[in-house]
Amino acid sequence: MRDNTLFSLAGKRALVTGASRGIGLALARGLGQYGAKIVLNGRTREPLEAARMVLDGDGIEAVTARFDVTDQDAVIAGVEAIERDHGPIDILINNAGIQRRAPLEQFSRKDWDALIATNLNAVFFVGQAVAQHMLPRKQGKIVNICSVQSELARPGIAPYTATKGAVKNLTKGMATDWARHGLQVNGLAPGYFQTEMNENLVADKDFTKWLCQRTPAGRWGRVDELVGAAVFLSSEASSFVNGHILMVDGGLTSSV
Ligand code: NDP
């Protein structure tokens with residue numbers, strides 16, 4: 001008889017940053033379907049409330065926590081408020097992220113700073129704030145959303161690639177510092193998914209043609225296909241997995 005509680009998230013509370021749409025919303029919904037109570041983070045009230053209604057429609061217990069993950073004071077206060085008002089955060093999905101595209105020689109300082117702030121600093125800010133609550137409890141799961149761009153470059157997105165490479169190594173560093181204290185930190189690296197972030201790529205037929213040729217699975221990913229990996233990394237099933245980056249990319253980074 002298989003232990004069917006291995007992947008269960010019943011009784012756990014998960015904070016998902018950037019959960020108002022796209023990958024964050026899909027992961028929040030997926031974790032909720034495996035029993036977790038969800039805290040949805042984002043900056044904008046209406047889409048966040050709409051996301052909560054989606055989960056509510058699925059019978060998933062969810063609340064919203066609106067704060068900007070690039071603002072360390074707001075992050076600390078936001079995490080404190082969740083722990084105080086709703087209870088312990090058992091799982092953190094560090095998902096909020098942005099993209100900016102331009103040839104590197106024309107890349108603006110403003111866009112560089114925005115990428116570092118959202119894609120890298122915020123992973124540290126939210127990870128540290130949540131870990132400070134998890135460490136005394138000697139348990140907790142953190143999943144940092146990396147990217148195929150943690151491994152591979154593409155034209156026009158060098159700074160994004162730099163942030164995602166850094167998140168990969170920050171994940172290994174967090175895992176190394178905190179594993180002895182009962183925390184598990186891992187990365188989930190999506191390939192290409194049709195979210196708002198990739199609107200211009202979706203509209204570009206040449207890109208889709210390139211992607212389908214380049215990806216062994218021969219297609220874009222669907223956001224619900226990220227759920228299994230996130231549930232695995234958030235559940236007892238991954239109890240001895242630390243500092244691992246799980247690629248969910250249709251084989252893209254495994255082939256030339
Ligand atoms: P979307 O642009 O669709 O969603 C981004 C989410 O992040 C929104 O909910 C947005 O809400 C939130 N967000 C952005 N900035 C902040 C902030 N400062 N504070 C709080 N929330 C913020 O992106 P995706 O769903 O496509 O991407 C999610 C993650 O997955 C990102 O880290 C991305 O780099 C990564 N990824 C995506 C891939 C893809 O193919 N789509 C591939 C590989 C990795 P709001 O703006 O309202 O705050």
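Helix α5 has 21 residues, which at 1.5 Å a residue should span 30 Å, and its end C-alpha atoms are indeed 30 Å apart. The expected span here is 1.5 Å times one less than the number of residues. Helices (H or I, at least four residues) and strands (E, at least two) are DSSP runs, numbered from the N terminus. The model is a predicted one, in which local features need pLDDT of at least 70 and side-chain atom pairs count only at pLDDT 80 or more, while totals for chains, interfaces and linings use all residues. Residues are numbered from 1 along each chain as its sequence is written.

Many side chains of this helix can be looked up by name. Among the buried residues of α5 are Pro159, Tyr160, Thr163, Lys164, Val167 and Trp178. Buried is used for a residue with 20 or more other C-beta atoms within 10 Å of its own, exposed for one with 12 or fewer, and partly exposed for those in between, with C-beta atoms placed from the backbone. An α-helix has 3.6 residues a turn, so residues three or four places apart point the same way. The buried residues of α5 pack against α4 (109-137), β5, β6 and β7; contact means that two C-beta atoms, placed from the backbone, lie within 7 Å.

The strands come next. Seven of them form an open sheet with parallel pairing, in the order β3-β2-β1-β4-β5-β6-β7. At the edges stand β3 (62-66) and β7 (245-248), each with a single partner strand, so one side of each is left without a neighbour in the sheet. Neighbouring strands are turned by 20° against each other on average, direction ignored. Pairing requires that DSSP finds at least two bridges between two strands; β1 (residues 13-16) and β2 (residues 37-42) are joined in the parallel sense over four bridges, and Leu40 in β2 is the bridge partner of Val16. From β1, Arg13 and Leu15 point one way and Ala14 and Val16 the other way, and all are buried.

Two helices lie across this sheet. Helix α5 (residues 158-178) crosses β5 (140-145), β6 (183-190) and β7, running at about 165° to β6. Helix α8 (residues 227-234) lies across β1, β4 (91-94), β5, β6 and β7, at about 145° to β5. Axes are lines fitted to C-alpha atoms, for helices over the stretch in contact, and angles run from 0 to 180 degrees between N-to-C directions.

Thr17 sits in the loop between β1 and α1 (22-33) and is buried, with 28 other C-beta atoms within 10 Å. Leaving aside neighbours within four places in sequence, the contacts of Thr17 include Gly24, Asn41, Val69 and Ile93. A contrast is offered by Lys138, in the loop between α4 and β5, which counts as exposed with 10 C-beta neighbours inside 10 Å. Phi of Lys138 is near 60°, a positive value in a residue other than glycine.

Finally, the ligand is surrounded by 30 residues, the closest being Gly18, Gly22, Arg43, Gly97 and Thr195; a residue is near when its C-beta atom, placed from the backbone, lies within 6 Å. The elements giving two or more residues to this shell are α1 and β2, and α1 gives the most, with three residues.
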